[in-house]
Amino acid sequence: MTAVAYTVWLERKVVGHIQNRWGPTRVGPFGLLQPLADGIKFIFKEDLLPPHVFKPLFIAAPMIALIFALTSISVIPIGNWVTVFGIHTPLEITDVNIGLLIVLGVTSLGVYGVALAGWSSNSKYSLLGGLRASAQMVSYEISLGLSLVGVLILAGSFSLRDIVDAQGGTFWGFIPRWNIFQGQIVAFFIYLMAAYAETNRVPFDLPEAETELVAGYHTEYSAMKFAMFFMAEYANMITVACLATLLFLGGWHGPHRFGPPFVQAILPIFWFVLKVFAFLFLYIWVRGTLPRFRYDQLMAFGWKFLLPLAIANLVITALIVALRA
Amino acid sequence: MVPLSYYLVLSGILFACGVTGFLIKRNIITIFMSIELMLNGVNLSFVAFAAQWHALSGQVFVFFVMVVAAAESAVGLAIIIAVYRTRGTLNVDQVDLLKL
Amino acid sequence: MLHLIVFSVFGLVCVAGAINLLVQRHPINSALSLVVVMGSLAVEYLLLGAEFVAAVQVIVYAGAIMVLFVFVIMLLNAGVEDRTKGSRVAMLFGIPGVLIGSVLVAWVLLQHSGTGSVAVGALPGPPKVIGWLLFHDFLLPFEVTSVLVLIAIMGAVVLASHPAEMQQSAQPDEREG
């Protein structure tokens, strides 16, 4: 959750610099305490409950969005096995055989938070925004899933830990054996696009654009509930970044281990965080630079370009793996 | 160790609720959802028996049932939208004449 | 023991969701209780060891099919449903009938079914093995269902498109002919 708050800070600073202005600088050094100030503001803001909304769903929708966003982080491993005080533990909450499928499943369920928020607000802007957002998320889920199947074929298992382990070692001694270099560059591109659309971020953020449709599906929300949607969006971003790191960028593998054993145990986590940070930076960089798609362009891109490309990638990967074996 | 009959009873209850919903509800979308409930009850039966007889084909069949349910609900919902556009109502009792 | 407790808890959630689907008058509440039923069924599948089936249940059934239902309910703005004469008759005779029938069936199953017990995770269904079965023993049904899905897609697109477009595309043909 703290990571979510600081991702917001990171975003505001980076977007500010891209737009040739300082980001937040007043609160604390470099504006580092800004998320804290925002959090306090959200808690103290008046929590409106407009009279015309459908109360049970109105209150439940942001909670649904946040719960599913945070649940998918539970299967993500952040480092190798660590021996702390003689207890050999893997660095994740659970290691499931079907970790990747669980993440996909939870992402599909996250659509409900958005759809129900739009519906329960009982206002035409929210309803349209909610419908558009959920249609977009459902359409890009398919390309997201298909782009991951190429990785699965290379690794042979759904467990996230196994997929990272299959990326250890290097080619010719210095190019790391990451999936992105093992021929999944197209899959990485598809995953990137689908991830931007899934998390409703620029250039696919039409449903929540401030200049369109008032504010889309979270028009009627204020204070804490709005903060929950906000947090859910950033948590989704972080999940997607972690997943990209695990599947395409080699997880916690880095160049030669160096340093005393204590540092060696912590080093994989450092590489993991560095790669996630790089991916998030890419996310924020794109947000500050690109204009947004119109809705029909967005849907056409998802169905007519990404989906055939994902299927072609899948077929070619399968062919190569079958011919190699 | 749960006796298999418990799973079958649960599956039967779900199926019975689905049949009841199919017969007493008047909104066509709710009727569709009762059909999905029936299919889910049957899926549970399949998986339970697959576990008892150690035959994985039970689980594979559940896969096919889900695919068929998906195809059927897609087409069915499209038909519902078409019916709503021409008749203006979602109540099955009012959609009883061939002539509009 | 824990198996029995988890089974009962999620079994009760299933049944409560199913009854809630019947009792609720607004379709959106019914749709959401159906999602709850599907989620708890996924847990039941996990208890029987069918991990791939449970994941597919959540991704496909609860995450795609029910989203479709929720979309349609939101689009068509289905309101609270009203009671008609037919449903009163059905309720008066039907519900006691269904209750008696299910109690009878449940009693027979529990007493005389002649089946044994299943352990937790009785038949593990890892994706690899199920994939093997799908592509070797069940290849024909697999291909046939893919054709079925293709037909469903085409049918849904044709049915849901606006009638005006169909007429416009018919007129130029009439003029040429």
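Helix α6 of chain C, in this predicted model, lies largely in the open, because only two of its 22 residues are buried. The helix covers residues 139–160 of chain C, and at 1.5 Å a residue it should span 32 Å, which agrees with the 32 Å that separates its end C-alpha atoms.

Chain C as a whole holds seven helices and one strand, and from the N terminus on these elements follow the order α-α-α-α-β-α-α-α. Chain A has ten helices and four strands, which run from the N terminus as α-α-α-β-β-α-α-α-β-β-α-α-α-α. The table sets out burial and long-range contacts for these two chains, where the contacts considered are those between residues at least 6 apart in sequence.

| Item | Chain C | Chain A |
|---|---|---|
| Residues that count as buried | 31% of 177 residues | 43% of 325 residues |
| Contacts that join residues at least 24 apart | 63% in chain C | 75% in chain A |

Two helix pairs show how neighbouring helices are arranged within these chains. In chain C, helix α1 (residues 2–23) and helix α2 (residues 27–47) have axes that come within 8 Å and cross at roughly 160 degrees. Since an angle over 145 degrees counts as roughly antiparallel, α1(C) and α2(C) are therefore roughly antiparallel to each other, and α1(C) passes α2(C) in a left-handed crossing. On the α1(C) side the contact includes F7(C), F10(C), V13(C) and L21(C), while on the α2(C) side the residues met include L34(C), V37(C), L41(C) and E44(C). The residues of this contact between α1(C) and α2(C) divide into 13 nonpolar, six polar and one charged.

In chain A, the pair formed by helix α5 (residues 124–155) and helix α10 (residues 295–324) has axes that come within 9 Å and cross at roughly 15 degrees. Because angles under 35 degrees count as roughly parallel, α5(A) and α10(A) are roughly parallel to each other, and the crossing in which α5(A) passes α10(A) is left-handed. By class, the residues of the contact of α5(A) with α10(A) comprise 17 nonpolar, eight polar and one charged.

Chains C and A also touch each other, with 14 residues of chain C in contact with 16 residues of chain A. On the side of chain C that touches chain A, helix α3 (residues 51–76) gives the most, contributing twelve residues. That side of chain C is made up of twelve nonpolar residues, one polar residue and one charged residue.

Two single residues complete the account. In chain A, A227(A) is found in helix α8, which covers residues 223–247. A227(A) has 19 other C-beta atoms within 10 Å and is therefore partly exposed, given that a residue counts as buried with 20 or more such atoms. A227(A) and P62(A) are separated by 165 residues in sequence, whereas their C-alpha atoms are 8.8 Å apart in space.

In chain B, H54(B) is placed in the loop between α2 (28–53) and α3 (57–87). H54(B) is exposed, because 9 other C-beta atoms lie within 10 Å. The phi of H54(B) is near 50 degrees, a positive value in a residue other than glycine. Most residues other than glycine have a negative phi.

Note on methods:
Residues are numbered from 1 along each chain as its sequence is written. Chains are lettered from A and ligands numbered from 1 in the order in which they are written. This is a predicted model: local features need pLDDT of at least 70, side-chain atom pairs count only at pLDDT 80 or more; totals for chains, interfaces and linings use all residues. The expected span of a helix is 1.5 Å times one less than its number of residues. A residue is buried if 20 or more other C-beta atoms lie within 10 Å of its own, exposed if 12 or fewer, and partly exposed in between; C-beta atoms are placed from the backbone. Axes are lines fitted to C-alpha atoms, for helices over the stretch in contact, and angles run from 0 to 180 degrees between N-to-C directions. Angles under 35 degrees count as roughly parallel, over 145 as roughly antiparallel, 65 to 115 as roughly perpendicular and the rest as oblique. A crossing is left-handed if the near helix is turned anticlockwise from the far one by less than a right angle, and right-handed if clockwise. Ala, Val, Leu, Ile, Met, Phe, Trp, Tyr, Cys and Pro count as nonpolar, Asp, Glu, Lys and Arg as charged, and the others, Gly among them, as polar. Two residues are in contact if their C-beta atoms, placed from the backbone, lie within 7 Å.
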